[in-house]
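Reader: Got a minute to walk through a structure with me? I'll throw questions at you as they come up.

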Amino acid sequence: MSHKVQVRLFGAFRKLGNGRELEIAVPANATVKDLRAALRNVITTELNRPAEAPLVDESAIASDQSILAEDEVIPSGARLAILPPVCGG
Amino acid sequence: MSSIHVEVTDQVLDTQALLAHAADPSFGAQTLFVGVVRNLHAGRKVLAVSYDAFTPLCEKVFREICQEAEQKWGPLSLTLVHRTGRLGVGEASVVIAVGSPHRDESYLASRYLIEELKVRAPIWKKEHYEDGETEWLRGHALCGHADRARNRSCGGTLEPHGH
């Protein structure tokens with residue numbers, strides 16, 4: 001049984017979709033690592049932006065409170081964010 | 001005596017008001033750092049910079065950085081505020097104000113806050129050039145940093161630290 005994860009977009013990812021978030025389908029008990037693969041797939045095939053896909057592997061996946069580890073299981077209905085390499089200040 | 005004030009805002013930064021946080025009768029030093037948009041980057045003329053931030057996590061990271069500075073050099077008053085949205089040349093993007101009993105800690109803490117912000121805070125810059133082009137700038141990967149802290153590998157690459 002799959003579920004949908006909302007991934008808020010930041011930095012260069014705002015060039016994709018509506019520029020605010022993507023809804024990504026993942027299997028039940030999917031980990032952050034699985035979400036990365038699903039994101040790369042959506043960016044490459046559904047959004048037809050293969051040039052942006054490698055940035056997924058340079059980016060962190062986070063909740064409002066913390067960056068998630070690769071082996072963390074994503075809860076159903078999670079609202080996450082994808083954070084490319086940062087350059088504030 | 002110690003206080004921490006952090007914020008991510010889309011409003012114009014009032015540097016004097018933020019510096020006022022650094023005042024305390026027991027503090028002999030106040031430092032103010034202001035990061036300002038400049039008109040040139042990598043040889044290209046910049047008209048404006050748009051800042052994007054993941055606000056809830058960013059404010060949490062700001063608070064953690066300030067708490068670390070407090071542990072190292074406290075007592076301190078620490079103010080760290082970053083602005084988002086489109087900023088023109090000359091506008092302030094970040095203000096750091098530090099109050100401390102003596103000047104040494106003030107300089108050290110101020111430097112610490114900006115250097116840590118640059119590699120840890122979820123903030124991104126898009127430059128707007130004179131020729132009409134825009135570009136999201138490359139930066140410091142967060143996942144490598146986070147997983148180093150947890151002693152786990154994530155496979156992400158780290159950008160060299162240089163501005």
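Reader: What do the buried residues of helix 2 of chain B pack against?

Author: Keep in mind this is a predicted model. The partners come from both chains: in chain A, strand 3 (60-62) and strand 4 (79-83). In chain B they are strand 1 (3-9), strand 5 (77-83), helix 3 (103-120) and strand 8 (123-129).

Reader: Which residues of that helix are buried?

Author: For helix 2 of chain B they are L57(B), C58(B), E59(B), V61(B), F62(B), I65(B), C66(B) and A69(B).

Reader: And how far does helix 2 of chain B reach from its first C-alpha to its last?

Author: It covers residues 55-73, 19 in number, and reaches 27 Å, close to the 27 Å expected at 1.5 Å a residue.

Reader: OK, over to chain A. Where does S63(A) sit, and is it buried or exposed?

Author: S63(A) is in the loop between strand 3 and strand 4 of chain A. It counts as buried because its relative accessible area is 18%, and the cut-off is under 20%.

Reader: What is S63(A) in contact with, leaving aside neighbours within four places in sequence?

Author: L68(A) and L80(A) in its own chain, plus F54(B) and L57(B) from chain B. L57(B) is also one of the buried residues of helix 2 of chain B.

Reader: Now the sheet in chain B. What's the strand order?

Author: It's an open sheet of 4 strands, ordered 1-5-7-2, with mixed pairing. Strand 1 and strand 2 (29-36) of chain B are at the edges with a single partner strand each, so one side of each has no neighbour in the sheet. The twist averages 5 degrees from one strand to the next.

Reader: How many bridges join strand 5 to strand 7 of chain B?

Author: There are 6, and the two strands run antiparallel. One of the pairs is H82(B) with V94(B), the latter in strand 7 of chain B.

Reader: Which strands do helix 2 and helix 3 of chain B lie across?

Author: Helix 2 of chain B lies across strand 1 and strand 5, at about 155 degrees to strand 1 of chain B. Helix 3 of chain B crosses strand 2, strand 5 and strand 7, at about 150 degrees to strand 7 of chain B.

Reader: Last topic: how many disulfides over all chains?

Author: 0, from a search of the whole structure.

Reader: Why is C87(A) too far for a bond?

Author: Because the closest cysteine sulfur, in C58(B), is 12 Å from the sulfur of C87(A). C87(A) is also buried, with a relative accessible area of 3%.

Technical notes: Residues are numbered from 1 along each chain as its sequence is written. Chains are lettered from A and ligands numbered from 1 in the order in which they are written. This is a predicted model: local features need pLDDT of at least 70, side-chain atom pairs count only at pLDDT 80 or more; totals for chains, interfaces and linings use all residues. Side-chain values use heavy atoms; hydrogens and water are left out. The expected span of a helix is 1.5 Å times one less than its number of residues. Buried means under 20% relative accessible area, exposed over 50%, partly exposed in between (1.4 Å probe, protein chains only). Contact means heavy atoms within 4.5 Å. Two strands pair if DSSP finds at least two bridges between them. Axes are lines fitted to C-alpha atoms, for helices over the stretch in contact, and angles run from 0 to 180 degrees between N-to-C directions. A disulfide is a pair of cysteine sulfur atoms within 2.5 Å.
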